[in-house]
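Trainee: I have a new model open and would like to learn how to read it. Could you take me through it feature by feature?

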Amino acid sequence: MLLNALVYIILFGILFAIANVDLKKLFSGFKKWQPYLAGFWCFLIIIVAGFIYSIILETTGAKISDNTNQGSINETVVNFPLTSMVIFGVVGPICEELTYRVGLFSFLKRISKWVAYPVTIIVFALIHFDFGAESIVNELLNLPYYLIAAFFLTYTYDKYGFAGSVTAHVLNNVISLIPMAVALGVF
């Protein structure tokens, strides 16, 4: 957990140093209400899309369980519940939004929006994929959820900026962590 937190902090520093991001412009969206509303709607769409996808899997008889990424998070939540809420619920999503939307998407969008969307979506989904997992089929069955989430987060970033995509991503992670922590007997 400490290593995970340290990596995120170092990544923040590197991103700001390399990207030379205009922080004033990046954070200006947080002063408006529209990005928060867009982020909330994005979060709801991701939840509904995930629910629909799980129904599709159930009706087809596909057996799916947590992928390796989620399993690691579950284990960490049990051992470090409050720290996990901060790292996985807030710091991780902010770091991922800076990396994949502000960094990768914004860079590729200068070349082509048609390149930026699919590359950002696929890269984001694949960072949640474990190529060395025991059950590659399970990883593949979990992949569409990450692709769906990546699409809506990228779209929200493109239309409403960093504040919108961060709002959606943080809500998604925090709301996902709470019932998991309760189910695992942590809270």
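Mentor: Gladly! Helices and strands here are DSSP runs, numbered from the N terminus, with at least four residues for a helix and at least two for a strand. Read that way, the chain runs α-α-α-α-α-α-α along the sequence. Keep in mind that this is a predicted model.

Trainee: How many helices and strands does that give?

Mentor: Seven helices and zero strands. Of the 187 residues in the chain, 41% are buried.

Trainee: How do I read a helix once I have found one?

Mentor: A handy general idea: an α-helix has 3.6 residues a turn, so residues three or four places apart point the same way. Now take helix 5, residues 81-111. Its 31 residues reach 42 Å from first C-alpha to last, close to the 45 Å expected at 1.5 Å a residue.

Trainee: Where does helix 5 bend?

Mentor: At Gly92, by about 35°. A proline, Pro93, follows within four residues.

Trainee: What should I look for among the aromatic rings?

Mentor: Start with ring centres within 6.5 Å of each other, which count as pairs. By this rule there are 14 aromatic pairs. In one of them, Phe151 and Phe152 have ring centres 5.0 Å apart and planes at 80°; planes over 60 degrees apart count as edge-to-face, so this pair is edge-to-face.

Trainee: Are those two rings buried or exposed?

Mentor: Neither one fully: Phe151 is partly exposed at 35% relative accessibility, and Phe152 is partly exposed at 23%. Ring pairs also link both of them with Phe105, Tyr117, Tyr155 and Tyr157 into a cluster.

Trainee: Which residue lies over the face of Phe124?

Mentor: Arg101, at 4.6 Å from the ring centre.

Trainee: And how do I read a pocket?

Mentor: Ask for its volume, then for its lining. The largest pocket has a volume of about 1200 Å³ and is lined by 44 residues. Nearest its centre lie Asn69, Gln70, Tyr145, Tyr146 and Ser176.

Trainee: Which helix gives the most to that lining?

Mentor: Helix 7, with 12 residues. Helices 1, 3, 4, 5 and 6 are also among those that each supply at least two residues.

Trainee: What about contacts between distant parts of the sequence?

Mentor: Compare separation in sequence with distance in space. Ile127, found in helix 6, is 58 residues from Asn69 in sequence, while their C-alpha atoms are 9.0 Å apart. Ile127 counts as partly exposed, at 37% relative accessibility.

Methods. Residues are numbered from 1 along each chain as its sequence is written. This is a predicted model: local features need pLDDT of at least 70, side-chain atom pairs count only at pLDDT 80 or more; totals for chains, interfaces and linings use all residues. Side-chain values use heavy atoms; hydrogens and water are left out. The expected span of a helix is 1.5 Å times one less than its number of residues. The bend at a residue is the angle between axes fitted to the seven residues ending there and the seven starting there. Rings of Phe, Tyr and Trp (its six-membered ring) pair if their centres lie within 6.5 Å; planes under 30 degrees apart count as stacked, over 60 as edge-to-face and the rest as tilted. Buried means under 20% relative accessible area, exposed over 50%, partly exposed in between (1.4 Å probe, protein chains only). A charge sits over a ring if NZ of Lys or CZ of Arg is within 6 Å of the ring centre and within 35 degrees of the ring normal. On a 1 Å grid over the protein atoms alone, a cavity is a set of points where a 1.4 Å probe fits but cannot get out, and a pocket is an open set with protein on both sides within 12 Å along at least five of seven lines; lining residues have an atom within 4 Å of a point. Grid points are joined across faces, edges and corners, and a volume is the space filled by probe spheres set on the points.
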